[in-house]
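Colleague: Got a minute to walk me through this model? I'd like to go over the strands and the confidence.

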Amino acid sequence: MRRTRSVLLLVALPAAPIVGIVFGWRYVFAPLLAAMLLSWSIASLRVLVQDAQDDDGVPAVQDGPERTVFRCPECATEVLLLYRGTPKAPSHCGQRMVARTEIIRPT
Ligand SMILES: [Zn+2]
C-alpha cells in the first residue's frame, strides 16, 4: 500500500502543474482534498476501534470495597463498570469521562 502510494505520488507530482494549468486547478486540489478527508475519516474510525480493544485481552472484574463510577462532564451521565477491559476511562459525548472512586458501605 505504501509502495502504491509512493508510485502514485511520483506520477502525480510532475503532472499536477500541467493538469492545473491546462484543465484548471480544481482538478488538482479536489482529489487532494478528497484524499485528506478520506485519510482523516479512516484515522478517526481507527482510533475508535483501537480505543474499544482490550490492552491484554482479559477484562478485569471490578470488585472489592471500592467501586469506580465514571461521570460525563458534558451531560452528567454516570456509568458503573462491572467489567473493565482497559485502564482508559470510557468516552461519552465525545469526551473522556471523569472517574470517581467510592467506598461501598457494608450493609
Ligand atoms: Zn455525555
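Colleague: What is the strand order in the open sheet of 3 strands?

Modeller: Keep in mind that this is a predicted model. Strand β2 (residues 66-71) pairs with strand β7 (residues 98-103) over 6 bridges, in the antiparallel sense. On top of that, 3 bridges join β2 to strand β3 (residues 78-80), again antiparallel. Put those pairings together and the order reads β3-β2-β7.

Colleague: Okay, and which are the edge strands?

Modeller: An edge strand here is one that pairs on one side only. From one strand to the next, the twist averages 30°. The edge strands are β3 and β7.

Colleague: Which residue is the bridge partner of R71 in β7?

Modeller: R71 sits in β2, which spans residues 66-71, and β7 covers residues 98-103. These two strands run antiparallel, and the partner of R71 in β7 is V98.

Colleague: And on the β3 side, which residue stands opposite V69?

Modeller: β3 takes in residues 78-80 and runs antiparallel to β2. Opposite V69, in β3, you'll find L80.

Colleague: Which residue in the turn of the β2 and β3 hairpin has a positive phi?

Modeller: The hairpin leaves 6 residues between β2 and β3. One residue in that turn has a phi of about 65°, and that's A76.

Colleague: Stepping back, how do the elements run from the N terminus on?

Modeller: The protein chain has 2 helices and 7 strands. Reading from the N terminus, the order is α-α-β-β-β-β-β-β-β.

Colleague: Where is confidence lowest, and where is it highest?

Modeller: Across the protein chain the mean pLDDT is 83, with 86% of residues reaching 70 or more. Confidence bottoms out at a mean of 66 in strand β1 (residues 60-61). The highest value, 92, belongs to strand β6 (residues 95-96).

Colleague: Last one: what percentage of the 107 residues are buried?

Modeller: To count as buried, a residue needs 20 or more other C-beta atoms within 10 Å of its own. Applied to the 107 residues of the protein chain, that gives 1%.

Definitions and conventions: Residues numbered from 1 in each chain as written. Predicted model: local features only at pLDDT ≥ 70, side-chain atom pairs only at ≥ 80, totals over all residues. pLDDT = per-residue confidence, 0-100. Helix = DSSP H or I, 4+ residues; strand = E, 2+ residues; numbered from the N terminus. Pairing = 2+ DSSP bridges. Axes fitted to C-alpha atoms, helices over the stretch in contact; angles between N-to-C directions. Buried ≥ 20, exposed ≤ 12 C-beta atoms within 10 Å, placed from the backbone.
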